[in-house]
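Trainee: I should like a close look at one part of this protein, beginning from a single acidic side chain and working outward. Please treat the surroundings in one connected account.

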Amino acid sequence: MDYKNSGVDIEAGYKSVELMKEHVKKTMRPEVLGGLGGFSGAFSLAKIKDMEEPTLVSGTDGCGTKVKLAFIMDKHDTIGIDAVAMCVNDIACAGGEPLFFLDYIACGKNYPEKIATIVKGVAEGCIQSECALIGGETAEHPGLMPEDEYDLAGFAVGVVDKKDIITGKELADGDVLIGMASTGVHSNGFSLVRKVFKMEKEVLDTYHEELGTTLGEALLAPTRIYVKALKNIKEAGVRVKACSHITGGGFYENIPRMLPEGKRAIVEKNSYPVPPIFKMLAREGQIEEQMMYNTYNMGLGMIVAVSPENVDTAMEAIKKAGDTPYVVGKVENGEKGVTLC
């Protein structure tokens, strides 16, 4: 009896590392010290010494049950982008610059090519957010997880000068809300998605005219990363007063998180186009509108608040990052919360 007979293939682990190295190398930043394969990842903080009061910010998350679609469709090259996006978007939401990311993959059986494909997606997410993939872990769990399944999670660390942290405390009556378009469902609410649509390959591979793609491709579209957009706004000289990453809990849970007491967000539902995937989801699942906005991003993955005089500059900065912005509402004095109208 040996470890391989018990279900853990150490040699497969070695092969996975070799296959993923080419993807990891593409994410390297000058601050990364050492290479892949050590017991820990080292990252130099020399460049942040110029900040008055450098502050570390961090985020950790996973892809939830969205991975079930990847299993069924046997498509594993984008789910890693989701894992990175969920972490780095939270960091950017606080005004921070993501520095590095580490992933964790738990699987029933280590198939090196599949693991390398997952990490390829993680690396792509790191490239999009300009953070380094400095380490990770692939854990084989025979008997605990089915052989063909895995779970993916990770965490990121970023930095921001304390004076630049986005807190919402500076919000004023009349400040403008700008929303940035999402790519679709992103990585939240998939337990409900899987109740509405049959999770069968034939169903997911079906093309829908209203979606302009197959159902599976629309649902598996990777989470948009907004790091560059927020960085561009800052470099354009605009102060983001408040910021909300629209994830699980949708508008009703996430928008109030960016508000101080005494301020209310007013969002106009008709100020931007709702992607077809949400309309189909609501129709097929007979989901009430309030529940849709309480579960999904409904087409806006990030919302920022800026002064009225800075709207045009912020919109242009977002567009230069490749994102699509919409003026979606305003901030008013009132009970803390959000009104959709």
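What is the relative accessible area of Glu130, and does that make the residue buried, partly exposed or exposed?

Mentor: The model is a predicted one, and every statement below should be read in that light. Glu130 has a relative accessible area of 47% and is therefore partly exposed; the class runs from 20% to 50%. The side chain of Glu130 has a charged partner: it forms a salt bridge with the side chain of Lys231, with an N to O distance of 3.3 Å. Glu130 sits in the loop between α4 (112-129) and β5 (132-140), whereas Lys231 belongs to helix α8, so this pair ties together parts of the chain that are 101 residues apart in sequence. Lys231 falls into the partly exposed class as well, because its relative accessibility is 37%. In general terms, side chains of opposite charge can pair when their charged atoms come close.

Lys231 leads from the salt bridge to a pocket. The second largest pocket holds about 420 Å³ of space. Its lining comprises 21 residues, and those closest to the centre are Gly95, Gly96, Leu230, Lys231 and Lys234. The partner of Glu130 is thus one of the residues closest to the centre of this pocket. Helix α8 supplies five residues, the largest share of the lining. At least two lining residues each come from β4 (97-107), β6 (150-161) and α8 (227-235). By character, the lining divides into 10 nonpolar residues, eight charged ones and three polar ones.

Helix α8 also has a buried side. Its buried residues are Val227, Ala229, Leu230, Asn232 and Ile233. Of these, Leu230 is also listed among the residues closest to the centre of the pocket. Beyond the helix comes Gly237, whose phi is positive, near 90°.

A further charged group can be reached through Lys234, another residue closest to the pocket centre. Lys234 is linked with Glu52, Asp161, Lys163 and Asp164 in a network of salt bridges. Within that network, the side chains of Asp161 and Lys163 meet at 2.9 Å, N to O. The two partners fall into separate accessibility classes: Asp161 counts as buried because its relative accessibility is 6%, while Lys163, at 47%, counts as partly exposed. The structure as a whole holds 20 salt bridges. Another of them joins the side chains of Lys75 and Asp77 at 3.0 Å, N to O. In that pair Lys75 is partly exposed, with a relative accessibility of 33%, and Asp77 is partly exposed too, at 30%.

A polar contact of another kind may be set beside these charged pairs. The side chain of His245 contacts the side chain of Asp90 at 2.7 Å. His245 lies in strand β10, which covers residues 242-245, and it counts as buried because its relative accessibility is 5%.

Enclosed space is to be distinguished from the open pocket. Rolling a probe the size of a water molecule over the atoms shows where empty space is left. There is one cavity of 30 Å³ or more in the structure, and the largest cavity contains about 30 Å³ of space. Its lining is formed by Cys107, Gly108, Lys109, Tyr111, Lys114, Ile115, Glu147, Asp148, Glu149 and Tyr150. These residues divide into five charged, four nonpolar and one polar.

Finally, the record gives a wider frame. In an unreviewed entry, UniProt lists residues 53-160 as "domain: PurM-like N-terminal". This span is 37% helix and 37% strand, and its end C-alpha atoms lie 8 Å apart. The unreviewed entry in UniProt also lists residues 173-337 as "domain: PurM-like C-terminal". Over that second span the chain is 34% helix and 22% strand, with its end C-alpha atoms 14 Å apart. One long-range approach involves Glu332, a residue of strand β13 (residues 325-333). The C-alpha atoms of Glu332 and Ala172 are 7.4 Å apart in space, although the two residues are 160 apart in sequence. Glu332 counts as partly exposed, as its relative accessibility is 27%.

To return to the starting point, Glu130 is a partly exposed residue whose salt bridge with Lys231 leads to the lining of the second largest pocket.

Conventions
Residues numbered from 1 in each chain as written. Predicted model: local features only at pLDDT ≥ 70, side-chain atom pairs only at ≥ 80, totals over all residues. Heavy atoms only, no water. 1 Å grid on protein atoms, 1.4 Å probe; cavity = no way out; pocket = protein on both sides within 12 Å on 5 of 7 lines; lining within 4 Å. Points joined across faces, edges and corners; volume = space filled by probe spheres on them. Helix = DSSP H or I, 4+ residues; strand = E, 2+ residues; numbered from the N terminus. Nonpolar A, V, L, I, M, F, W, Y, C, P; charged D, E, K, R; others polar. Salt bridge = Lys/Arg side-chain N within 4 Å of Asp/Glu carboxyl O. Buried < 20%, exposed > 50% of the residue type's maximum accessible area, 1.4 Å probe, protein only. UniProt positions renumbered as here; feature names shortened; annotations may be inferred. Polar contact = N/O pair within 3.5 Å; in protein donor to acceptor, adjacent residues only side chain to side chain.
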